[in-house]
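Hi,

Here's the structure I promised to send over. Have a look at it first, and then read on for what turned up.

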Amino acid sequence: MSVFESKVTVNKPEAQVYAFLADMNNHRQLMPDNIVDWTSTTDVASFNIQNITKLSLKIEERVADTLVRIIPAEKPPFDMELKWELSEVDGATQAAFTITASLNMMMKMLASGPLQKLVDEETTNLASRLS
């Protein structure tokens, strides 16, 4: 398993950050520019990663104010899990975003850079959207 992680501190209470992340409609605001054809509901989002693949993701688990776990809603190019973990730090919220992916050596060489860039960009966008 390959793990890609990024953390950010958001100057908002955990409940507010959690409420934003617990709705897949809000995740479009966190995505990079190469995401197109976005459609979503509260629980599911489908989109294309330009010139790469189409993905459909769903929220599998919500734990109030602490966790949002997202898994593929349809068969992805590789098995993966996306997880937002929240914790309170000095009145602010630390948000850790992790993508765990089952990548073979070839996919690891191709996907590692873009996946790390994705987690970094999503946490950066979360902080800027909610600050």
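A cut-off to start with: a residue counts as buried when its relative accessible area is under 20%. W38 comes in at 18% relative accessibility, so W38 counts as buried. Keep in mind as you read that this is a predicted model.

**Aromatic pairs**

W38 is a good way into the rings. How many aromatic pairs are there? The count comes to two. One of them is W38 with F47, a stacked pair at 5.2 Å centre to centre with 15° between the planes. F47 is buried too, at 3% relative accessibility. Then there's W84 with F97: the ring centres sit 4.3 Å apart and the planes are at 15°, so this pair is stacked as well. That pair links distant parts of the chain, with W84 in strand β6 (residues 80–89) and F97 in strand β7 (residues 92–101), 13 residues apart. As for burial, W84 has a relative accessible area of 1% and is buried, and F97 is buried with a relative accessible area of 1%.

**The core**

Two of those ring residues turn up again here. The largest nonpolar core has 38 residues, and those with the most contacts inside it are L21, F47, V68, I70, W84, L115 and L126. Which element gives the largest share of this core? That's helix α2 (residues 105–130), with seven residues. If you want one residue to click on, try L21: leaving aside neighbours within four places in sequence, L21 is in contact with H27, L30, I59, V68, W84, L86 and L126.

**A buried serine**

S6 is found in strand β1 (residues 2–10). Buried or exposed? At 10% relative accessibility, S6 counts as buried. The side chain of S6 makes a polar contact of 3.3 Å with the side chain of D120. Beyond its neighbours within four places in sequence, S6 is in contact with A95, A96, F97, V119, D120 and T123, so you'll meet F97 from the second ring pair there again.

**The pocket**

Last stop: the largest pocket holds about 520 Å³ of space. Of its 25 lining residues, I49, I52, P114, L115 and L118 are the closest to the centre. The elements giving two or more residues to the lining are β3 (44–49), β4 (53–63), β6 and α2. Helix α2 has the largest share of that lining, nine residues, just as it has the largest share of the core.

Shout if anything looks odd when you open it.

Cheers

Notes:
Residues numbered from 1 in each chain as written. Predicted model: local features only at pLDDT ≥ 70, side-chain atom pairs only at ≥ 80, totals over all residues. Heavy atoms only, no water. Core = buried A, V, L, I, M, F, W, Y, C linked by side-chain atoms within 4.5 Å. Buried < 20%, exposed > 50% of the residue type's maximum accessible area, 1.4 Å probe, protein only. Helix = DSSP H or I, 4+ residues; strand = E, 2+ residues; numbered from the N terminus. Contact = heavy atoms within 4.5 Å. Polar contact = N/O pair within 3.5 Å; in protein donor to acceptor, adjacent residues only side chain to side chain. Phe/Tyr/Trp six-rings, centres within 6.5 Å; stacked < 30°, edge-to-face > 60°. 1 Å grid on protein atoms, 1.4 Å probe; cavity = no way out; pocket = protein on both sides within 12 Å on 5 of 7 lines; lining within 4 Å. Points joined across faces, edges and corners; volume = space filled by probe spheres on them.
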